[in-house]
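Let's take a quick tour of a protein chain. Have the sequence and the 3D view open as you read.

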Amino acid sequence: MTFAVSLIIALAQPGETRAEFVALFMARELRYGGPHNQETLYRYRLFVPERKEGVKYPLIVWLHGWGESARDNVHQLRWLDSLIFHPPWRRGDYPFFLLAVQCPRDDGAWFHADKSHAPPEMIDVAMAAADDCLREFPIDQERITVAGLSSGGSGCWELGMRYADRLAGVAPLAAGGIDDSRVARLINVPVWAFHSARDSSTTIAGVRRSVAALRDAGGRAHLTEIDSVEHDCWTPAFGDYDLLEWLLAQHRGQNALAPGAISFRGHLRLALRGWSAWQLAVAVLVPLALATAVWTAARGRPQNVGATSTADAKSPDRQG
């Protein structure tokens with residue numbers, strides 16, 4: 001019974017404050033102008049793990065969605081507190097670096113089809129920031145991966161094609177397709193894409209075509225289709241398919257770890273999909289209460305029913 005009460009209390013508790021989560025990430029700045037532009041100041045966030053002497057750690061480059069574009073150097077961290085960094089946030093639980101660059105609100109695209117666009121493209125800014133971190137921190141250059149959602153997922157495809165020789169893995173989430181004429185650049189980089197099969201925001205046809213084209217070119221690409229109408233395929237990607245573990249297991253130039261099947265956690269979440277916290281609590285409470293009642297009743301039953309006790313045998317009423 002105590003467990004059930006504790007479960008209800010835990011479900012009812014509010015989450016940690018946003019400021020506490022943001023504080024996990026180092027605020028950094030980068031001046032970058034690209035080959036033909038005047039240098040511009042860009043801000044980004046970097047998660048730095050607890051480190052051991054002489055050990056190098058993998059780096060995940062995170063590309064946010066359109067809605068997180070801003071100039072506050074905070075909004076690009078949205079989703080990460082539920083996808084990757086679960087409270088309570090103990091730095092030692094996350095043995096990797098994570099870089100999160102932010103696209104400015106007035107130019108929120110990661111790249112532009114129109115190459116006459118004057119400012120540097122944010123794809124190149126993100127890799128310049130990665131180089132900035134490589135110069136200062138013990139990052140394993142053979143274990144750099146990129147993941148992103150929605151417009152950031154499309155950015156993953158583009159970043160992968162431009163910097164294929166530097167990446168160990170690419171995970172585009174809810175992204176559109178890419179220019180198939182350039183897809184062969186990714187044949188040596190494992191790609192695990194996710195998409196909701198009935199996503200009305202970004203249809204799945206484009207990513208299906210791109211994954212098929214990459215496979216036909218000899219690449220290692222896999223598409224996991226989530227049975228959902230939601231644009232959000234990233235929550236099940238990390239929660240049900242252990243995408244984080246896949247990213248961390250990739251190593252450039254070595255045989256890639258194959259994309260995993262749905263995990264036990266994923267099966268459990270699918271079984272409970274649509275349940276509210278209170279429904280879940282009741283589902284635990286009722287069987288537990290019944291089991292407690294049965295156990296209490298069993299303990300209260302008289303033992304050795306029908307046997308004559310010593311006291312009864314000596315009672316004057318039972319003699320002669």
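How much area does the chain expose, and what share of it do carbon and sulfur atoms supply? The exposed area comes to about 16,900 Å², and carbon and sulfur atoms supply 54% of it. Keep in mind that this is a predicted model, so to speak a computed picture of the chain.

**The whole chain**
- The chain has 320 residues, and 44% of them count as buried.
- If you go looking for regular pieces, you'll find 11 helices and 8 strands.
- Take the contacts with a separation of 6 or more: 69% of them come from residues 24 or more positions apart.

**Zooming in on strand E6**
- Strand E6 covers residues 169-173 and is mostly covered, with 5 of its 5 residues buried.
- Gly169, Ala171 and Leu173 point one way from E6, while Val170 and Pro172 point the other way.
- Whichever way they point, all of these residues are buried.

**E6 and its neighbor E5**
- Strand E5 (residues 139-149) pairs with E6 in the parallel sense, over 5 bridges.
- One partnership to look for: Gly148 has Pro172 in E6 as its bridge partner.
- Helix H5 (residues 151-162) joins the picture here, as E5, H5 and E6 make a right-handed β-α-β unit.

**E6 and its neighbor E7**
- E6 also runs parallel to strand E7 (residues 191-196), and 2 bridges join them.
- Here, Leu173 has Phe194 in E7 as its bridge partner.

Notes. Residues numbered from 1 in each chain as written. Predicted model: local features only at pLDDT ≥ 70, side-chain atom pairs only at ≥ 80, totals over all residues. Heavy atoms only, no water. Helix = DSSP H or I, 4+ residues; strand = E, 2+ residues; numbered from the N terminus. Buried < 20%, exposed > 50% of the residue type's maximum accessible area, 1.4 Å probe, protein only. Contact = heavy atoms within 4.5 Å. Areas by Shrake-Rupley, 256 points an atom, 1.4 Å probe, with all protein chains shown as cover. Pairing = 2+ DSSP bridges. Right-handed = clockwise from strand over helix to strand, strands pointing away.
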